[in-house]
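Colleague: I'd like to learn how to read a structure like this one, feature by feature. Can you walk me through it?

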Amino acid sequence: MSTPVNYLLHLADNAVVLGQRNAEWCGHGPILEEDLALANNSLDLIGQARMLYQHVATLRKDGKSSEDLLAYFRDVPEFKNYTLLELPHSTAILPTARGDRDYAVTIARNFLYSALMVQVWSALRGSTDAQLAAIAAKSLKEVQYHLRHANDWVLRMGDGTDESHARIQAAFDYLMPFTQEFWTPSAMETAAVQSGVGVDANAFKAEWDAVVSDTLQAATLKRSTSEGFVTTGKQGVHSEHLGFVLAEMQSLARAHPEAVW
């Protein structure tokens, strides 16, 4: 059975969108070390996206697909990333937000996503798609660091000052409902599981819940409710924010489509 391309695009789009979001901290980190840490995190994610896009281009064999075309010349409805990953770093609805970036939102999102992807990449090492299995093995090492980095900051902020505690708690309260999308199967995921290429994320929910609950408890934070609207980013129905992310990410390539670097 052939590899479900849409599943690969889902994995790639997750990585490239979060990589773009985290890259927005370059030059704006709260301290120099974090400026570098988030830049490295972004490079890891974009590297994962490149490998996956390259794999998709190879499988399509249409002579028209490439990593650049897949990243820079698709529009919002064609992207299959989780809505969680396209959200801004800060929103006006957060009472603790200051300015257009809140590091607590970035850390909480990286923690929630990385806690999932440690399980997903680990399982995908057994994919029947040998190339995806190799990508998973490399990506697992990277996302294990991403989780450790985010986990350390959740603990530091949660068990820190009154302000840091309030900000990271507000970030989790805001973001947790978006994680419902992790556990809501889509047609592409079902096809990938049936083919032996992909994995069922629901198989990791108990482990994910345990990691999240243990860290929040150690950080003296409350487990926020995840109830609410189930987002459908992986089905191509996104928030208003993805268009702005893609406009910034794709503008140079679209302005000079024939450029060769």
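## Reading burial and pairing

Modeller: Keep in mind that this is a predicted model. Let's start with a single residue: Glu-142 has a relative accessible area of 12%, so it is buried. The cut-off behind that word is under 20% relative accessible area.

Colleague: Which residue does Glu-142 meet in a salt bridge?

Modeller: The general idea is that side chains of opposite charge can pair when their charged atoms come close. In this case the partner is Lys-138, with 2.7 Å from N to O. The two sit 4 residues apart in helix α5 (residues 130–158), so about one helical turn separates them. Lys-138 is partly exposed, because its relative accessibility is 42%.

Colleague: How many salt bridges turn up in the whole structure?

Modeller: A search finds 10 of them. One joins the side chains of Arg-74 and Asp-13 at 2.5 Å, N to O. Arg-74 lies in the loop between α3 (67–72) and α4, and Asp-13 in helix α1 (residues 5–23), so this pair ties together parts that are 61 residues apart in sequence.

Colleague: Is Asp-13 buried or exposed?

Modeller: Asp-13 is buried, with a relative accessible area of 0%. Arg-74 is buried too, at 6%.

Colleague: What about the salt bridge of Arg-254, which residue is its partner?

Modeller: That one is Asp-75, and the N to O distance is 3.0 Å. The pair links distant parts of the chain, since Arg-254 is in helix α9 and Asp-75 in the loop between α3 and α4, 179 residues apart. For accessibility, Arg-254 comes out partly exposed at 36%, and Asp-75 is partly exposed at 40%.

Colleague: How do I read a helix? Take α4: what span should I expect from its number of residues?

Modeller: Go by the rise, 1.5 Å a residue. Helix α4 (residues 103–124) has 22 residues and should span 32 Å; its end C-alpha atoms are 30 Å apart, which agrees.

Colleague: And how many residues of α4 are buried?

Modeller: The count is 19 of 22, so α4 is mostly covered. Look at its start as well: a side-chain oxygen of Asp-102 comes within 2.9 Å of the backbone nitrogen of Ala-104.

Colleague: Let's try α6. What does its end-to-end distance look like?

Modeller: Helix α6 (residues 162–175) has 14 residues and reaches 20 Å from its first C-alpha to its last, close to the 20 Å expected at 1.5 Å a residue.

Colleague: Which helices do the buried residues of α6 pack against?

Modeller: They pack against α4, α5 and α8. Among those buried residues are Arg-167, Ile-168, Phe-172, Tyr-174 and Leu-175.

Colleague: Now a loop residue. Where is Ser-239 found?

Modeller: Ser-239 is in the loop between α8 (205–218) and α9 (241–255). Its relative accessibility is 19%, so Ser-239 counts as buried.

Colleague: Which residues is Ser-239 in contact with, leaving aside its neighbours within four places in sequence?

Modeller: They are Thr-83, Glu-86 and Leu-87. With Glu-86 there is also a polar contact of 2.7 Å between the two side chains.

Colleague: What about Tyr-145, where is its place?

Modeller: Tyr-145 is in helix α5, and at 32% relative accessibility it counts as partly exposed. You can also set sequence separation beside distance in space: Tyr-145 and Asn-14 are 131 residues apart in sequence and 17 Å apart in space, C-alpha to C-alpha.

Colleague: Time to zoom out. How many helices and strands does the protein chain have?

Modeller: There are 9 helices and 0 strands. For overall form, use the radius of gyration: at 18 Å the protein chain is close to the 18 Å that the globule rule gives for 261 residues, so it is as compact as a globular protein of that length. Along the principal axes, the C-alpha atoms fill a box of roughly 55 × 40 × 30 Å.

Colleague: And what share of the 261 residues counts as buried?

Modeller: That's 54%. The accessible surface comes to about 11900 Å², of which 55% belongs to carbon and sulfur atoms. Among contacts between residues at least 6 apart in sequence, 80% join residues at least 24 apart.

Methods
Residues are numbered from 1 along each chain as its sequence is written. This is a predicted model: local features need pLDDT of at least 70, side-chain atom pairs count only at pLDDT 80 or more; totals for chains, interfaces and linings use all residues. Side-chain values use heavy atoms; hydrogens and water are left out. The expected span of a helix is 1.5 Å times one less than its number of residues. Buried means under 20% relative accessible area, exposed over 50%, partly exposed in between (1.4 Å probe, protein chains only). A polar contact is a pair of N or O atoms within 3.5 Å; within protein, one must be able to donate a hydrogen and the other to accept it, and residues adjacent in sequence count only if both atoms are side-chain atoms. The radius of gyration is taken over C-alpha atoms; the globule rule is 2.2 Å times the number of residues to the power 0.38. Contact means heavy atoms within 4.5 Å. Accessible areas come from the Shrake-Rupley method with a 1.4 Å probe; for residues, only the protein chains shown count as cover. A salt bridge is a side-chain nitrogen of Lys or Arg within 4 Å of a carboxyl oxygen of Asp or Glu.
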